[in-house]
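Ready for a little practice in reading a fold? Have the viewer open and try each exercise before you look at its solution.

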Amino acid sequence: MIARKQIPATEIDKQKEYMRRVRNASKERGAHAYAYVDTYGCQQNEADSEKLRWMLQEMGYELTDDEFKADVIAINTCAIRENAENRALGNVGALIHTKKAKPSQIIAFCGCLAGIPESVEKIRQSYRHVDLVFSPDKLWRFPELLFRTLTAKGRLFDTDVEDGMIAEGLSSHRDNAIKAWLPIMYGCNNYCSYCIVPYVRGRERSRSLDAILEEARTLIAQGYKDITLLGQNVNSYIAEDTLTGFPDLIRKINDIEGDFLIRFMTSHPKDASVDLFRAMAECEKAAKHIHLPFQSGNDRVLGLMNRGYTREGYLNKVAAARGLMPDIVITSDVIVGFPGETEEEFEDTLRLVERARFDAMFTFIYSKRPGTPAAELEDTSTREEKQVRFDRLIDLQNAISEEKHAQYVGKTVRALVDSESHDDRYPLKARTNGGRLVHMLGSAELVGKFVNATITHSNSWSLFGELST
């Protein structure tokens, strides 16, 4: 892990001055200014977009979901899979119509795709209606970059990815008053052979313990009930000043007064320790849920993926977690059709799923990412063969999920009602401690409250319940 480098407060103040200058310029024009932020990808991107929205509001923009109404559009992109890239680029391409309708509109392209040279060049050459492009490590400089774009002629590109620094002192605009993302670290040192993220988000750097605890206390005081700690690998968190590791960070947040849940993602299996599981078991506010991606059940494929563990090592960690928390909910990710994966090696993945018995799983067919080591490997399976494997895996996991969810029926569980639904039969949505979705009967006044719910029935994807009497 590299040393944490914090951006000086003077530089943050400089960005706030740029916010003031943009806001004053907008006032001088005498018209309402609007901004739209479109987000793709993971929870970290969602957290980044919350910062972008806050900055835009500080610069005098009113938030809108109407691309034609917006004076500034920020497209916050994801690079993890080809489908996400194609969807983002397709929507960016469509903005040529909004730009034609409002020529003064500023279109900004940011997020992970803005850290990939090939994608940046594609924007430069083929999407000439895009005015501003900046990589994820430049997000804290958005006010300055936007000001320069507004006041200078020509397009602005700032996309050379650096190791990155920690920017404190910038707030977030959160639409959700119940759930909050709390980033604790940025970047990744793992360099899984299929993943582009370390190349676009830089090396690992952790926020200070005091900054995280202060933000957590603020969120709790504001009434947030479900706080998710974010990082590309939260297990690698370590406070440079106090050498506090991730398990002790959970313990310290747990000590804050209030009725709330602590969640976290993503957890890398090679760094998931018994001390982490022990902290989760000890802390009453720590959700008994861990998302622990295994990606493949075959050791040779895991080696090619550069994952840093074996199938038995992974299964041992699952057993250790369940030994300390028998009711823990474990979810996972798996990649089907990694280059060179054989049918027998895929069968190892099925066998691991049968042994681990995940509550739910997110499955993906391998997506080639240029610039990663895996992109150079020979792919020996056809797309049709991969689809057959994918469907078999889905069928297996759905059957396990249905069986696990059926075990909730007749039980009463504590759940946080987090939103209303669009289903008149079950007007509320709630989440159990383990993150299981509960479609619930009840009135809107329950939103934001913990309730006891009796589960009446279930399916592969969710539970159904009513208030316990």
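The exercises below work through a predicted model.

**Exercise 1.** Find which residues touch the most other members of the largest nonpolar core, and which helix gives this core its largest share.

*Solution.* Start with the core itself, which has 66 residues. Within it, I184, L229, F246, L249 and I253 touch the most other members. Next, look at the helices: α8 (residues 209–221) supplies the largest share, 6 residues. Now zoom in on L229: leaving out residues up to four places away in sequence, its contacts include I184, F246, L249 and I253. Finally, another core of 29 residues lies apart from this one, with M19, L52, L56 and C110 among its members.

**Exercise 2.** Describe how α8 packs against helix α9 (residues 246–254).

*Solution.* First take the geometry: the two axes come within 10 Å and cross at roughly 35°, and the crossing is right-handed. Then list the residues: α8 brings L209, I212, L213 and A216, while α9 brings L249, K252 and I253. Last, sort them by character, which gives 6 nonpolar, no polar and 1 charged.

**Exercise 3.** Place strand β16 (residues 428–432) between its pairing partners and tell its two faces apart.

*Solution.* Begin with strand β15 (residues 412–420), which runs antiparallel to β16 and is joined to it by 5 bridges; here A415 pairs with T432. Move on to strand β17 (residues 437–440), also antiparallel to β16, with 4 bridges; here A430 pairs with V438. The hairpin of β16 and β17 has 4 residues between the strands, and G435 takes a positive phi near 85°. To finish, compare the faces: L428, A430 and T432 are on the covered one, K429 and R431 on the uncovered one.

Conventions:
Residues numbered from 1 in each chain as written. Predicted model: local features only at pLDDT ≥ 70, side-chain atom pairs only at ≥ 80, totals over all residues. Heavy atoms only, no water. Core = buried A, V, L, I, M, F, W, Y, C linked by side-chain atoms within 4.5 Å. Buried < 20%, exposed > 50% of the residue type's maximum accessible area, 1.4 Å probe, protein only. Contact = heavy atoms within 4.5 Å. Axes fitted to C-alpha atoms, helices over the stretch in contact; angles between N-to-C directions. Left-handed = near helix turned anticlockwise from the far one by under 90°. Nonpolar A, V, L, I, M, F, W, Y, C, P; charged D, E, K, R; others polar. Pairing = 2+ DSSP bridges.
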